[in-house]
Amino acid sequence: MKRSLAWRVALLLACGASSALYAAEPDRGYDAASAKQAWVLNCMGCHTADAHGIPGKVPPLTGELGHFVRLPQGREFVMRVPGASNSALSDADLANVLNWLIDTRNTQTKPANFKPYTAEEIAAKRRPALTHVAEHRAALVERLRKAGDNAVADGY
Ligand code: HEC
């Protein structure tokens with residue numbers, strides 16, 4: 001009996017410690033369950049379930065975004081492409097799904113100092129949607145190269 005009480009105390013302490021750790025984690029700016037739902041309903045139909053895209057047609061969202069968000073122009077590009085800008089998602093829900101994508105599908109490429117998108121930032125900048133997306137993308141890739149980041153290919 002004594003042993004099982006000690007075990008329970010240990011378990012309680014462990015749980016307390018892990019929730020304290022969790023609370024100390026930096027805020028990544030998303031709720032995974034609602035982000036997944038937003039992804040499925042608003043983005044996945046074109047970008048595919050695992051976000052690898054369709055060669056020649058729809059860009060992947062796995063890796064590139066982590067490079068784009070290094071530049072202010074890239075941060076804006078990501079929210080102003082038509083699929084994101086014109087989606088039915090609220091500003092908060094768009095911020096949520098973008099932060100989730102960056103954190104979970106761009107884990108290796110996102111900058112260490114990435115600041116999650118906020119609803120306020122999205123509200124201020126998502127519109128108007130970009131019209132000449134390819135030109136904006138090419139200019140952004142060029143800008144990244146000038147900054148020493150050659151990781152994003154010209155095409156997809
Ligand atoms: C109707 C199809 C469609 C939907 C739905 C869609 N996208 Fe896209 N997305 C595209 C295409 C096509 C492009 C390439 C640029 C263009 O032509 O708009 C693109 C480009 C992008 C890019 C730029 C990536 C790059 O490498 O250039 C991002 C970021 C993006 N989409 C995010 C989203 C998010 C987030 C959603 C959901 C809220 C979404 N898209 C919904 C088709 C779609």
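Reader: What pattern does the protein follow when read along the sequence?

Author: Keep in mind that this is a predicted model. The secondary structure comes to 9 helices and 0 strands. Read from one end of the sequence to the other, that gives the pattern α-α-α-α-α-α-α-α-α.

Reader: And what share of the residues in the protein is buried?

Author: The protein has 156 residues to count over. A residue goes down as buried if 20 or more other C-beta atoms lie within 10 Å of its own. On that count, the buried share is 28%.

Reader: Which helix gives the most to the largest nonpolar core?

Author: That core has 23 residues, and those with the most contacts inside it are L65, V78, L94, V97, L98 and L101. Helix 2 (32–42), helix 4 (64–68), helix 5 (72–80) and helix 7 (91–105) each supply at least two of its residues. The top giver, with 7 residues, is helix 7.

Reader: Let's stay with L101. Which residues is L101 in contact with, leaving aside its neighbours within four places in sequence?

Author: L101 is one of the residues with the most contacts inside the largest nonpolar core. Skip the neighbours within four places in sequence, and the contacts of L101 are A51, L61, L65 and N106.

Reader: What about N99: buried or exposed?

Author: N99 is found in helix 7. The cut-off for buried is 20 or more other C-beta atoms within 10 Å. N99 has 23 C-beta neighbours inside 10 Å, so N99 counts as buried.

Reader: How far apart in space are N99 and Y30, C-alpha to C-alpha?

Author: Along the sequence, 69 residues separate N99 and Y30. Yet Y30 is among the contacts of N99 beyond four places in sequence, along with R28, G29, P116 and Y117. C-alpha to C-alpha, the spacing of N99 and Y30 is 6.0 Å.

Reader: Which helices are among what covers the buried residues of helix 5?

Author: The buried residues of helix 5 are G74, F77, V78, M79 and R80. One of these, V78, is also among the residues with the most contacts inside the largest nonpolar core. The cover over the buried residues of helix 5 includes helix 4, helix 6, helix 7, helix 8 (119–125) and helix 9.

Reader: Last one: how many residues of the shell around the ligand are nonpolar?

Author: The ligand is surrounded by 21 residues, with C43, C46, P59, G83 and S87 the closest. Helix 3 (44–47), helix 4, helix 6 (82–85), helix 7 and helix 9 (133–146) each supply at least two residues of this shell. By type, 5 are polar and 2 are charged, and the nonpolar ones number 14.

Notes. Residues are numbered from 1 along each chain as its sequence is written. This is a predicted model: local features need pLDDT of at least 70, side-chain atom pairs count only at pLDDT 80 or more; totals for chains, interfaces and linings use all residues. Helices (H or I, at least four residues) and strands (E, at least two) are DSSP runs, numbered from the N terminus. A residue is buried if 20 or more other C-beta atoms lie within 10 Å of its own, exposed if 12 or fewer, and partly exposed in between; C-beta atoms are placed from the backbone. A nonpolar core is a set of buried Ala, Val, Leu, Ile, Met, Phe, Trp, Tyr and Cys residues joined through C-beta atoms within 7 Å. Two residues are in contact if their C-beta atoms, placed from the backbone, lie within 7 Å. A residue is near a molecule or strand if its C-beta atom, placed from the backbone, lies within 6 Å of it. Ala, Val, Leu, Ile, Met, Phe, Trp, Tyr, Cys and Pro count as nonpolar, Asp, Glu, Lys and Arg as charged, and the others, Gly among them, as polar.
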